[in-house]
Amino acid sequence: MPAEVPVAAPPAPIAATEALVVPPRRRRPGIRVHVTQFKWLYLLLLPGVIYFALFRYGPMYGAVIAFQDYVPFLGISGSTWVGFDHFERFFGSPDFPRLLGNTLILALLSLLIAFPITIVVALLLNELRISILKRSVQTLIYIPHFLSWTVVASLTYLLFAFDAGPLFHAVGGIFGTDIDVLTDPAWFRPIIVLQDIWKNTGWGTIIFLAALASVDQEQYEAAILDGAGRFQRVWHITLPSIMPTVVVMLVLQMGQILNTGFEQIYLMTNSLNRQVADVFDTYVYFMGVTQGSYSYSTAVGLFKALVGVALIFGANALARRYNQTGIF
């Protein structure tokens, strides 16, 4: 009769508390350890933080004078509170619709003309295959960005000077009559848009060229094998690839829609074209600095800033709704 094989006893059941033991969570390093570890990155960040703290967030305290009848000798604490009186005065004045119309027209012209031209120039530069030619063109179109608006306005006055400027005679030859471009209100907006294109287009292409550099080259190779032409490759590969960058830049541009730029507008404004040249920025300067209406001009500036913030949030929400990348 065969010997019985001993059967091993079943293992003892593991206690429920032992089976559910969770390893301890790693503690995050404290802020002091983090700063010490990345001290050089924080050092590079410091100038930007100081700049925004001093010149962006610090002056926000002064916005309270928009709700006061501010008197410099009494200070903010001693001035009388008037609530929304300055806002009501501004919205009820005949200047409000004129300023709003002038600002929106210039902003929309920049958005519909200057912004797409930046993308087109970036696409054209990306298609250049001769390296030295590409770098030369980039350098030439970058240079105007480093010129101040004072220099740009001076060049404009020299080129379109009445009866002396070379472009004055060119415009007169095209239209068959002498046109004083610098004082004619009908020519103010085209001049502003052309200045903006000439000065900022080259610099604006940097971001789009960086986005174009990240496009997968294998997609182009596959498209070439399928017989796609250059325009088809740009339309179906390049543009969809940089669309997130375009949307982010468009959202940021929407936030600046009421910020048309003080220096450029102020330098090109004169008594003959002021009706179409006045925008919120120049109006704040004239009312606040030249006339001393500090509370009223602050109310106008605060309104402009709040509208800009609302436009950024609205444009970002719209981009996220259509499955595009927003800024937050």
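Reader: How many helices and how many strands are there in the protein chain?

Author: This is a predicted model. Its protein chain has 328 residues. The elements found along the protein chain are 16 helices and two strands.

Reader: What percentage of the residues of the protein chain count as buried?

Author: To count as buried, a residue must have under 20% relative accessible area. Of the 328 residues in the protein chain, the share that counts as buried is 32%.

Reader: Which atoms supply 67% of the area that the protein chain exposes?

Author: The protein chain exposes about 21,500 Å². The atoms that supply 67% of this area are carbon and sulfur.

Reader: Is T205 buried or exposed?

Author: T205 lies in helix α10. Its relative accessible area is 0%. Buried means under 20%. Because 0% falls under that cut-off, T205 is buried.

Reader: Which residue offers the backbone oxygen that the side chain of T205 reaches?

Author: Leaving out residues up to four places away in sequence, T205 touches T118, V121, A122, L125 and Y142. The side chain of T205 also reaches a backbone oxygen at 2.5 Å. That oxygen belongs to G202.

Reader: T201 is found in helix α10; is T201 buried or exposed?

Author: T201 touches I117, T118, V121 and D196, not counting residues up to four places away in sequence. The relative accessible area of T201 is 8%. Since the cut-off for buried is under 20%, T201 is buried.

Reader: Which helices each supply at least two residues of the largest nonpolar core?

Author: This core has 19 residues, and those touching the most other members are I119, L123, F208, L209, L212, I242 and V246. The helices that each supply at least two of the core's residues are α6 (95–127), α10 (185–213), α11 (217–225) and α12 (230–255).

Reader: Which residues is L123 in contact with, leaving aside neighbours within four places in sequence?

Author: L123 is one of the core residues that touch the most other members. With those neighbours left aside, the contacts of L123 are L212, V234, T238, L239 and I242.

Reader: L46 is in helix α3; what is the relative accessible area of L46?

Author: L46 belongs to a nonpolar patch on the surface, together with W40, L43, I50, Y51, F52, L54, F55, Y57 and M60. The accessible area of the patch is about 1,100 Å² together. Patch residues need over 30% relative accessible area. L46 is partly exposed, and its value is 42%.

Methods
Residues numbered from 1 in each chain as written. Predicted model: local features only at pLDDT ≥ 70, side-chain atom pairs only at ≥ 80, totals over all residues. Heavy atoms only, no water. Patch = residues over 30% accessible without salt bridge, like charges linked within 9 Å, V, L, I, M, F, W, Y side chains within 5 Å. Areas by Shrake-Rupley, 256 points an atom, 1.4 Å probe, with all protein chains shown as cover. Salt bridge = Lys/Arg side-chain N within 4 Å of Asp/Glu carboxyl O. Buried < 20%, exposed > 50% of the residue type's maximum accessible area, 1.4 Å probe, protein only. Core = buried A, V, L, I, M, F, W, Y, C linked by side-chain atoms within 4.5 Å. Helix = DSSP H or I, 4+ residues; strand = E, 2+ residues; numbered from the N terminus. Contact = heavy atoms within 4.5 Å. Polar contact = N/O pair within 3.5 Å; in protein donor to acceptor, adjacent residues only side chain to side chain.
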